[in-house]
Amino acid sequence: MDVVTAQEMYEWDRVAIKSTGLDGRLLMENAGRAVSSDLEKKLGTHQRVIILIGAGNNGGDGFVIARTLLNRGYSVEAWQIVSDSKVEGDARYHKEIFIKSGYTLYKLEKTDDLSESLKSADVIVDAMLGIGVKGRLREPVKQVVELANEQRAFRVAVDLPTGVPADEGIVEFDAFKADYTCIIAALKMSALVEHTRVYYGEWKVCDIGLPVKKLPSPSRKVWQREGGRRVLPGRDPNSHKGSHGKALVVGGAAHMPGSIAMSAKAALRSGAGLVTIATPKSAMNAVASYVQEATFLPLAEERGVIKDSAGVDVSAYDGVAIGMGMGRGQESNNLVSHLISTVKAPLLIDADALYQLKNLVGLLRSRTYPTILTPHPGEFAHLVDQSISAIVRSPFSYSREFSKAYGVYTVLKGPATIITAPDGSQFVDLSGNAGLAKGGSGDVLSGILLAMMLQSGSITYALNNGCMLHGLTAEMLTKDAHSMVDLLATDLVEGLTQTFRTFSS
Ligand SMILES: NC(=O)C1=CN([C@@H]2O[C@H](COP(=O)(O)OP(=O)(O)OC[C@H]3O[C@@H](n4cnc5c(N)ncnc54)[C@H](OP(=O)(O)O)[C@@H]3O)[C@@H](O)[C@H]2O)[C@@H](O)CC1
Ligand SMILES: Nc1ncnc2c1ncn2[C@@H]1O[C@H](COP(=O)(O)OP(=O)(O)O)[C@@H](O)[C@H]1O
Ligand SMILES: [K+]
């Protein structure tokens, strides 16, 4: 499933029309029909539907939806909320068909009349503005949106809720608050970004018959479960532990043994053949009591935290993860730079090592093996010298810019986790839920990602699938055995068993 900006959507439209001769009016008919069919699944024939129609092509979709639902026997009032002269082009064409079909078009003259109608509506369909919105809402749209938002009716948006920008990064807007959005042709970026996604409610993408083979790829996609399942690594019957990779996890401290222990165990549960834990000696007993299957590399320490890089030989490992529970002391800076320079295998940098990375970021460009950064927005903000709010408002562009500049994979975590490859291509993983919003979930994720990289030929697939397995485990556990309140990171580690049993083939 592609994720597009407004500009990319207009380009798709242009290419579709130019390359195949498809007509804009036909696309509008398809869009209106697709939304109507989807909406029908939610409508009872007795329900009163009000459709609010604006000036542009989003309004044009509204005319098709109104006609289609009326043709199918639903109780629909179509309200054109702008003056006649504003309705032009394809929208006007469909307005004429609507009227010639014998249906009544209500026009906004007195707000009180619309207000009365809205009060008795069961469903309000917003076909006022789509991807063409610019700036804050002007009248009369602004007032109609406010009125609609006050009603108790079920609110449905066509393509995107009126007022919500299609792109990331815009924070000043007023918008229709949808319970459900029927998105046309491709997912708009704002449906995935924290401050705008809440306006969409639940959503679904409706196909309108664009010629998919001809459309330029935005190199930005939602990672889908079925596709993920197809590229999950299998287990060869003749394999031995060495076939599934030797992993090294580096981190932990005497006062923080849990993180590294959970990463290591998650890596083992996710199929890593051998896992070695490099941690201060004083943390070893606590870690070992949780992960009996791992071997250890005791590190020099001072007051319970890693002291320096002496004695860390990384040549024997197929993949390394560093940072979980390591602490942020200056002492571990040497270790982070040592690993960046010497690990000749995928190197995953997480948590406290990301903090250290800030002064070492220039070293990343010299790596010839894959480097993977797994920040949450706070860690990423620190790394790129931006505020957290700037990052969460524009996560796609910040992570794309960073990955391309430093030649790294960035896994920017959150309810929609964005995985960016060094070439800037992006995948979004939407699995998981707020049960994961608890300390330790990220440590488990690092272990899963490391193990997946050891077993897969493609770093991107490994990262996408690792994020998905992590999220699916939370979903499965909060459905069957836990609540989002009580779920613990250690539950996730154990829950991986069920995920692998049911999800992988
Ligand atoms: N493949 C496709 O792409 C397909 C796209 N389709 C549909 O087309 C939609 C895009 O249509 P679009 O380009 O006409 O833009 P749209 O969202 O209707 O808005 C333009 C109107 O809004 C107005 N306006 C703008 N800002 C405003 C504000 N702040 N406050 C108030 N008014 C404001 C602006 O007025 P103006 O600024 O020109 O005075 C203009 O009249 C897309 O979302 C999808 O639904 C499908 O039909 C089929 C295939
Ligand atoms: N509300 C949420 N919905 C879905 N996933 C979430 C949510 N909150 C957190 N997560 C996931 O949980 C993990 C948290 O990672 P992180 O913040 O690094 O945790 P920690 O460092 O405490 O272990 C990430 O994979 C993130 O995507
Ligand atoms: K809309």
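How many of the seven residues of strand β12 (residues 274–280) are buried? Six of them are, which leaves this strand mostly covered. Keep β12 in mind as you go through the views below, all taken from a predicted model.

**View 1. The whole protein chain, as a starting point.** Welcome to the overview: 18 helices and 21 strands make up the secondary structure of the protein chain. Along the principal axes, its C-alpha atoms fill a box of roughly 85 × 45 × 40 Å. Of the 505 residues, 51% are buried. Among contacts with a separation of 6 or more, 72% join residues 24 or more positions apart.

**View 2. The stretch annotated in UniProt.** An unreviewed UniProt entry places the annotation "domain: YjeF N-terminal" on residues 9–216. Within residues 9–216, helix accounts for 38% of the chain and strand for 18%. Look for the two ends of this stretch as well: their C-alpha atoms are 10 Å apart.

**View 3. Strand β12 and its partner β11.** Here we return to the mostly covered strand β12. Strand β11 (residues 246–250) pairs with β12 in the parallel sense, over five bridges. A handy landmark is Leu 248, which stands opposite Thr 276 in β12. To get from β11 to β12, the chain passes through helix α9 (residues 257–269), and this β-α-β crossover is right-handed.

**View 4. Strand β12 and its partner β13.** Strand β13 (residues 295–299) is also a parallel partner of β12, again with five bridges. For orientation, find Ala 278, whose bridge partner in β13 is Leu 297. Helix α10 (residues 281–290) carries the chain from β12 to β13 in a right-handed β-α-β crossover.

**View 5. Met 326 and its surroundings.** Met 326 sits in the loop between β16 (319–322) and α11 (333–342). Is this loop residue buried or exposed? Met 326 counts as buried because it has 29 C-beta neighbours inside 10 Å, and the cut-off for a buried residue is 20 or more. Leaving aside residues up to four places away in sequence, Met 326 touches Gly 251, Gly 252 and Ala 253, together with Ile 306 and Ser 332, and also Ala 351, Asp 352 and Ala 353. For a sense of distance, try Val 361: it lies 35 residues from Met 326 along the chain, and the C-alpha atoms of the two are separated by 18 Å.

Terms used. Residues numbered from 1 in each chain as written. Chains lettered and ligands numbered in written order. Predicted model: local features only at pLDDT ≥ 70, side-chain atom pairs only at ≥ 80, totals over all residues. Helix = DSSP H or I, 4+ residues; strand = E, 2+ residues; numbered from the N terminus. Buried ≥ 20, exposed ≤ 12 C-beta atoms within 10 Å, placed from the backbone. Contact = placed C-beta atoms within 7 Å. UniProt positions renumbered as here; feature names shortened; annotations may be inferred. Pairing = 2+ DSSP bridges. Right-handed = clockwise from strand over helix to strand, strands pointing away.
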